[in-house]
Structures are given as structure tokens and as C-alpha cells.
Amino acid sequence: MAPVLLLVLLGLVQLGSAQPVDLKKLQAALQDLQVERREMSLRLDMAERELKRVKETPKVAFAASLGGNGLVKATSGNKNLVYTALLTNVGGAYNANTGEFTAPIRGVYYIRFTANAPSNFPMSAVLYKNDNQIQLIAHEQPGGEGSDTASNGAALMLEAGDRLKMVLWTNTQIWDNSNHHSTFSGFLLFSMVDEPPKEFDAEAEMKTLEVSLMQLQAENRGILERLNSTESELKTMRDVPKVAFAVSLGGNGLVKTTSGSKTLIYKDVMTNIGQAYDSETGEFTAPIRGVYYIRFTANAPSNFPMSAVLYKNGNHIELIAHEQPGGEGSDTASNGAALMLEAGDRLKMVLWTNTQIWDNSNHHSTFSGFLLFPQRAA
């Protein structure tokens, strides 16, 4: 419609008022352009606001372990736990010098932690918000010989600037070494930034629509180019692959090794969106570079050591769940963290020599994970 209209206008300029003009058609053409412009403007406004929100939402994920090589014990008051061994710190919101995580924006964050210690003395790991508000706790009373592992986690609503830290209560202990038994991790699920609704200013819109047809056409062309560019960028962001898996060892009994480590093959597949987990090899392969949340749970009778160890690319230990014998009964231990993986990185679970793990059709011992967000190389 716009090119035809321009030809009509050029004819008017050249002929003056000598030729009759169909004003109704001219008005209809102008109205069509106005409607087209308004629709594109509204679409562009919504698309640019969504793109701005997506771009301005920071990528936040951290995972750290206490590290060191031995016991941390408090006998004369509570003690702040400082997790110095960083595994992941996308966004830089975790401070390895103070042990505190500070929420960069208002939003919902998933936070979890795992604690391990000998079972001859009480164990604790307590999540505090802003120094004095207890959010979550893992606590175990003495249980004789052996060791205990306890975990906790939740989705928490945090304001920008809220601080989270882990505390060891008085007369309790916690243990770690370079294999990352005791961990603290979290990530931003989504922002909760309130935006006031944008009101439609009819008078201002009418004034804008009173511009010349030539200018209107040029503006429409510019808006369309911006709209196509914005919607294309949004499509690229939305086309990030969906990746999530959850599996269990399955079977009906004990897996035990006394002559070397053994790769654990989790045969019972509950979820495998994106097909990144291979139930024949037991390996998860990252399809793209990004931050993935990985967790696992191990169960076994407590009369023999138990283990489940997460390896990356065959030889690098990422996380561990390990229990020493503790007499009769059974033990359950879990661990998890947000991990930065390159495309093609492989994760698998390993049973260490002289340890055991147990499962049946009820899925006691599991291995799972999902892609949090892609991360382009710097």
C-alpha cells in the first residue's frame, strides 16, 4: 500500500489540483500505515523490553567446598564456615575469603549444601541469611563409629544484597578434603524485578501519527528492521537446547568392588531430555558449553564403606559421597553442585575400591542433572 500511496502523492505534487484525487482512498491508505505502525511499535516495545530483561538478568551460579584436609570443630561458640575450594563462581557473587554469597538481584535462588564428618561427635552445617536468620540446617547426633553425610536445600526468595553463609554450631564438627565431601552451592533460578505496566498514551500516539506519509514509511521500515533483529536475537536465546536427565542404578541388590574402582552404570532412566546421558556407558556428555546442576544420592548397608564419586573426563574428581562403616542399618549420602562444563565434557559416577552401593526398583541411588544456562567463551 505504501509505494502506491507515494506515487499518488508525487502525482499531486506535480499536477497541483488539476487532477481529481480520491481523498477516501488516500485517507484509507494513511490509516493502513498508521495501523501497521502501531502494531509494529507495540510488538517492538514488548520484544525490546523482554530482550532487555533477559540481557540484564545476570548469570549466577556458585559451588565451593571446605577443602583443606581434615576436621573443623567448634567447642567455644559458633564458627563461620569458609568454603575456600571454588568449583564454580559464575557472576562472582560468592566470596571465598568470607564464605558469603551475596544476591546480586532480587529473585528466587536454589541453594543447597552437604556436610560430612566422623559419627563419633555431633555434626552440623547451618545456613544463615543476613547473619541471624536460620534458613536451613543439616545436623546429626553421634552414632558410634564410621561417618555421616547430611544434605539440605531449597528455593529461596532473596532481595538484592541479601547475604548467605554457612555456620558450624558450637560443640559440633564437619570434615572435608580435596575430594569435596562438604559443599555449599547455589544458582539464580529467575529474577523477580517488578516492572510497572506501561500505559498507552492515546494523545501522544495521535500526534505521532500526524507526520507525513513519507516519514511514516521510513519509520515503519526502521521499526521493521529493529523488530526482525530483536526477534531473531530472542529466537537464538530461546533455541538453547533443553537438557535434563535423572537415572538410578536399578537392579535389586548390592554393587561391591574389592579389586579396583568400578564405573557405575545407572540403567533405570527416569528422564533423558536431550539424550545427553548414555545408559550403556553411564556417562553424561555436555552438549554445549554452560553451567549444569549435577547431583547424586548413594545408599548402602552401613556394615561396609560406601562411596559414589563424580569424575569429569575420566580422571578429575568433582564431588564425592563417602561413608565409613557404622554398624547395623543403612546409610544414605548425597552431594551436588553447579558445574561449569565445556561442550563434550563427560561426567560419570565411580565406585571406589573396597566400597559398596545399593539400589532396587525404588530408586535409592540416583544420578541426575540439567543445564542451567549456556556460557559463551570469553
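At 56% relative accessibility, Val-193 counts as exposed in this predicted model. Val-193 belongs to the loop that lies between β13 and α3 (202-208). Although Val-193 and Arg-106 are 87 residues apart along the chain, their C-alpha atoms are separated by 6.3 Å.

Arg-106 also takes part in a salt bridge, its side chain meeting that of Glu-159 with an N to O distance of 3.1 Å. The two partners come from distant parts of the chain, 53 residues apart: Arg-106 is in the loop between β6 (100-102) and β7 (107-118), and Glu-159 is in the loop between β10 (147-158) and β11 (163-168). Arg-106 is partly exposed, with a relative accessible area of 29%. Glu-159 is likewise assigned as partly exposed, at 37%.

The structure holds six salt bridges. Side chains of opposite charge can pair when their charged atoms come close. Glu-283 and Arg-346 form one salt bridge, in which the closest N and O atoms are 3.1 Å apart. Because Glu-283 lies in strand β19 (residues 283-285) and Arg-346 in strand β24 (residues 346-351), this pair ties together parts that are 63 residues apart in sequence. Glu-283 is buried, with a relative accessible area of 17%, a value that falls under the 20% limit for burial. Arg-346, by contrast, is partly exposed at 32%.

A salt bridge also joins the side chains of Arg-289 and Glu-342, at 2.9 Å from N to O. Here again distant parts of the chain are linked, with Arg-289 in the loop between β19 and β20, Glu-342 in the loop between β23 (330-341) and β24, and the two positions 53 residues apart. Arg-289 has a relative accessible area of 24% and is partly exposed. Glu-342, at 36% relative accessibility, counts as partly exposed. In addition, Glu-100, Asp-131, Arg-163 and Lys-165 are joined into one network by salt bridges that share partners.

Aromatic contacts were examined next. A search of the whole structure finds 17 aromatic pairs. Among them, Phe-187 and Tyr-293 form a tilted pair, with 5.2 Å centre to centre and 55° between the planes. This pair links distant parts of the chain, since Phe-187 is in strand β13 (residues 183-191) and Tyr-293 is in strand β20 (residues 290-301), 106 residues apart. Phe-187 is buried, with a relative accessible area of 2%. Tyr-293 also counts as buried, at 4% relative accessibility.

The rings of Phe-284 and Tyr-292 adopt another arrangement: their centres are 5.7 Å apart and their planes stand at 70°, so the pair is edge-to-face. The assignment follows because planes over 60 degrees apart are classed as edge-to-face. Both Phe-284 and Tyr-292 are buried. Elsewhere, ring pairs link Phe-62, Tyr-83, Tyr-94, Phe-101, Tyr-109 and Phe-184 into a cluster.

Aromatic rings are also found beneath charged side chains in this model. The charged end of Lys-73 sits over the ring of Phe-121, at 4.0 Å from the centre of that ring. Lys-256 lies over the face of Phe-304, and here the distance to the ring centre is 4.0 Å.

Lys-73 falls within the residue range of strand β2 (residues 70-74), which is joined to β12 by five bridges, the two strands running antiparallel. In this pairing, Gly-70 stands opposite Asp-176 in β12. Strand β12 (residues 172-176) is largely enclosed by the rest of the structure, because four of its five residues are buried.

Strand β13, which contributes Phe-187 to the tilted aromatic pair, also contains Leu-189. Leu-189 is partly exposed, with a relative accessible area of 41%, whereas Phe-187 is buried. Leu-189 joins Met-157, Phe-190 and Met-192 in a nonpolar patch on the surface, and together these residues have about 340 Å² of accessible area.

Definitions and conventions. Residues are numbered from 1 along each chain as its sequence is written. This is a predicted model: local features need pLDDT of at least 70, side-chain atom pairs count only at pLDDT 80 or more; totals for chains, interfaces and linings use all residues. Side-chain values use heavy atoms; hydrogens and water are left out. Rings of Phe, Tyr and Trp (its six-membered ring) pair if their centres lie within 6.5 Å; planes under 30 degrees apart count as stacked, over 60 as edge-to-face and the rest as tilted. Buried means under 20% relative accessible area, exposed over 50%, partly exposed in between (1.4 Å probe, protein chains only). A charge sits over a ring if NZ of Lys or CZ of Arg is within 6 Å of the ring centre and within 35 degrees of the ring normal. Patches are made of residues with over 30% relative accessible area and no salt bridge: like charges are joined within 9 Å, nonpolar side chains (Val, Leu, Ile, Met, Phe, Trp, Tyr) within 5 Å. Accessible areas come from the Shrake-Rupley method with a 1.4 Å probe; for residues, only the protein chains shown count as cover. A salt bridge is a side-chain nitrogen of Lys or Arg within 4 Å of a carboxyl oxygen of Asp or Glu. Two strands pair if DSSP finds at least two bridges between them.
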